[in-house]
Amino acid sequence: MVLPIIEVKGLTYTYPESESPSLKDVNFKAEAGEFVLVTGPSGCGKTTFCRALNGLIPNSYGGEFRGSVVVDGLSTTSTPVYELAQRVGLVFQNPENELFCTTVEREVAFGPENLALSREEIAMRVEEALSTVGILHLKEKSPEELSGGEQQKVAIAALLAMKPKILVLDEPTANLDPLSAKSILELMSRLNESGVTVVLVEHRLEMVSHMADRCIVFDGGRIVMDGSPEDVLYSDSVADLGIGIPKVVLVSKHLNRSRNGSLRCLTPDGLASYVRGFPV
Amino acid sequence: MKVFKAFEFKRGSTVLHQIDPRSKLVYLILFTFLTVYFTNPVALLAIFLSFLPMVYIGKISARWQQSLRGALFFIVFIFVFNFIATVYPSWNFYGAAVSGIAMSLRFLNLISVFSIFFLTTSPEDLTQSMVQLRVPYDYALTFNMAMRFVPTLSREAQYIMDAQRSRGLEMERGNFIARIRNYIPILVPLIISSFRRAELVADAMESRGFGASKKRTSLYVLKMSQTDVLFILIVSTAALALFCLNLLL
């Protein structure tokens, strides 16, 4: 039995200035190395959930916190955020607000500098993080001059320099064009293959559902579905929630109805080979 | 707002860019002092001329000139105001003109010396030099972030202005007071959104371990080189020469 790297038990949370809870009795477990896709309509508690995973909630936000969140063996209520930051990296929606230094290099160095590492170690981590993300050539640039996709990559590199075991991303592609979004999501998939646990909040299911091991759907502050991406996206109840079902799934469902089949593919390629008569 | 353009740093590779910010700080302090101390317009003009080689070496003449053009209005204003203020009891037109010119030159010199400093010093080097001058890191970082967010805020102000204009706000209407009041619908959203942004930036900082250790380290440490020593020597000599010139006049 492997210990879960993230364990959320009975989490109910209310923001200080709010009357009703944003998260209601959330239970969630993730194993090391999993790629968990989180989706759901706007205002359903996804962002709050992300903040709870790295301890910003309740440590920085206050409010009413019930239940428990344990990340890599540490309880978020009794561990300071800077301690958790070395285990969980959180990428935000708008990269403009996560970059506050004047060059990419300093931006990525900010985290390791806070940890009071030696200069050699910092330089090594910066180099490594930038090359993993593939933006070594942007080292000297100012974040202001970069495109949204590049900025988001800088933000990811800045977290990788902290060497976290878990990456939590809160709609990282919300402000990006489809091509940059694709490259960010593929980067996530690559990082996941190298052993990082990924929790990704995303609306672009079309692009990402086939990469994930698991899909979780939030609605009204609760987890309403939890299963493999196929199970969740092909279920009957998912259509009523505010989720963009991938077209591949819609077409497959249609084919299933007319041919009484049980097709469950998530990629255009899979669907295409089925239509051509090859086994999926 | 052209005046502010003069302080927007752009990366360069001249000697002046590579000199330690602390050496340039020596230069800044020396020449600011001389400018404030001198009253003779000829001496003040000499200071002004001494900026020319600096501007040439740092390859910043275009933006420096731009800043002077932007300051033209203030210079004329300072001259006129000074002239009127000094001419009144004595009716000495020559004396008033001289003092007006001196005051305008003083202003010109201050803009130039600060412009030379900021145009050739990167914000990150400046921040690092503050840290090494024992300014607490929180203050140095605040300064650095202020520099970083200037363009972001000005872009945001433009968005808000566009939004309010498209709803019918007329910025250029009315007398002086009314025009200032026209800015309220721009400023209120700008301030509120800045507060929100500040919270999000704070989240991002905490998520990267801000405050993890009492004494944080730094990727780069500034070191004084021989060029710095030479630079300080040259500017000190120049300052001394200007000081003597002022005594002779």
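## A tour of chains A and B

Begin in chain A by selecting residues 6-14, which form strand β1, together with residues 64-71, which form strand β4, and you will find the two paired in the antiparallel sense over 7 bridges. Keep in mind throughout that this is a predicted model. For one rung of this pairing, pick A:Glu7 and look across to β4(A), where its bridge partner is A:Val70.

Now widen the selection to the whole sheet around this pair, an open sheet of 4 strands in the order β2-β1-β4-β5 of chain A, with antiparallel pairing. Its edge strands are β2 (23-30) and β5 (74-75) of chain A, and each of these pairs on one side only. If you wonder how the strands of a sheet are held to one another, the general rule is that they pair through backbone hydrogen bonds, either parallel or antiparallel.

Stay in chain A and select the other sheet of the tour, an open one of 6 strands that runs in the order β6-β7-β8-β3-β9-β10, this time with mixed pairing. At its edges stand β6 (88-91) and β10 (222-227) of chain A, each with a single partner strand, so one side of each is left without a neighbour in the sheet. Looking over this sheet, you can see that neighbouring strands are turned by 15 degrees against each other on average, direction ignored.

Zoom in on residues 214-219 of chain A, strand β9, which 5 bridges join to β10(A) in an antiparallel arrangement. Within that pair, select A:Phe218 and find its bridge partner in β10(A), which is A:Ile223. Next add residues 46-53 of chain A, helix α1, which lies across β3 (35-39), β6, β7 (166-170), β8 (197-201) and β9 of chain A, and runs at about 155 degrees to β7(A).

Before leaving chain A, select A:Asp236, whose place is in the loop between α9 (229-233) and α10 (247-259) of chain A. Is A:Asp236 buried or exposed? A:Asp236 counts as exposed because it has 7 C-beta neighbours inside 10 Å, and the cut-off for exposed is 12 or fewer. A distance label drawn from its C-alpha atom to that of A:Thr79, 157 residues away along the chain, should read 41 Å.

Turn now to chain B, which has 11 helices and 0 strands, and whose C-alpha trace spans about 60 × 55 × 30 Å along its principal axes. Buried residues make up 27% of its 249 residues. Colour chain B by its two parts, domain 1 (2-121 + 224-248) and domain 2 (129-206), whose C-alpha centres lie 29 Å apart.

For the next stop, select residues 184-206 of chain B, helix α10, whose 23 residues reach 33 Å from the first C-alpha to the last, close to the 33 Å expected at 1.5 Å a residue. In α10(B), the residues B:Asp203, B:Ala204, B:Met205 and B:Glu206 are buried, and what covers the buried residues of this helix includes α2 (56-59) and α3 (81-84) of chain A.

Finally, show both chains at once and look at their contact, which takes 28 residues from chain B and 35 residues from chain A. On the chain B side, the elements that give two or more residues are α7 (123-132), α8 (137-166) and α10 of chain B, and α10(B) gives the most, with 7 residues. Coloured by class, that side of chain B shows 11 nonpolar, 9 polar and 8 charged residues.

Methods
Residues are numbered from 1 along each chain as its sequence is written. Chains are lettered from A and ligands numbered from 1 in the order in which they are written. This is a predicted model: local features need pLDDT of at least 70, side-chain atom pairs count only at pLDDT 80 or more; totals for chains, interfaces and linings use all residues. The expected span of a helix is 1.5 Å times one less than its number of residues. A residue is buried if 20 or more other C-beta atoms lie within 10 Å of its own, exposed if 12 or fewer, and partly exposed in between; C-beta atoms are placed from the backbone. Two residues are in contact if their C-beta atoms, placed from the backbone, lie within 7 Å. Ala, Val, Leu, Ile, Met, Phe, Trp, Tyr, Cys and Pro count as nonpolar, Asp, Glu, Lys and Arg as charged, and the others, Gly among them, as polar. Two strands pair if DSSP finds at least two bridges between them. Domain bounds come from an automatic or database domain assignment. Axes are lines fitted to C-alpha atoms, for helices over the stretch in contact, and angles run from 0 to 180 degrees between N-to-C directions.
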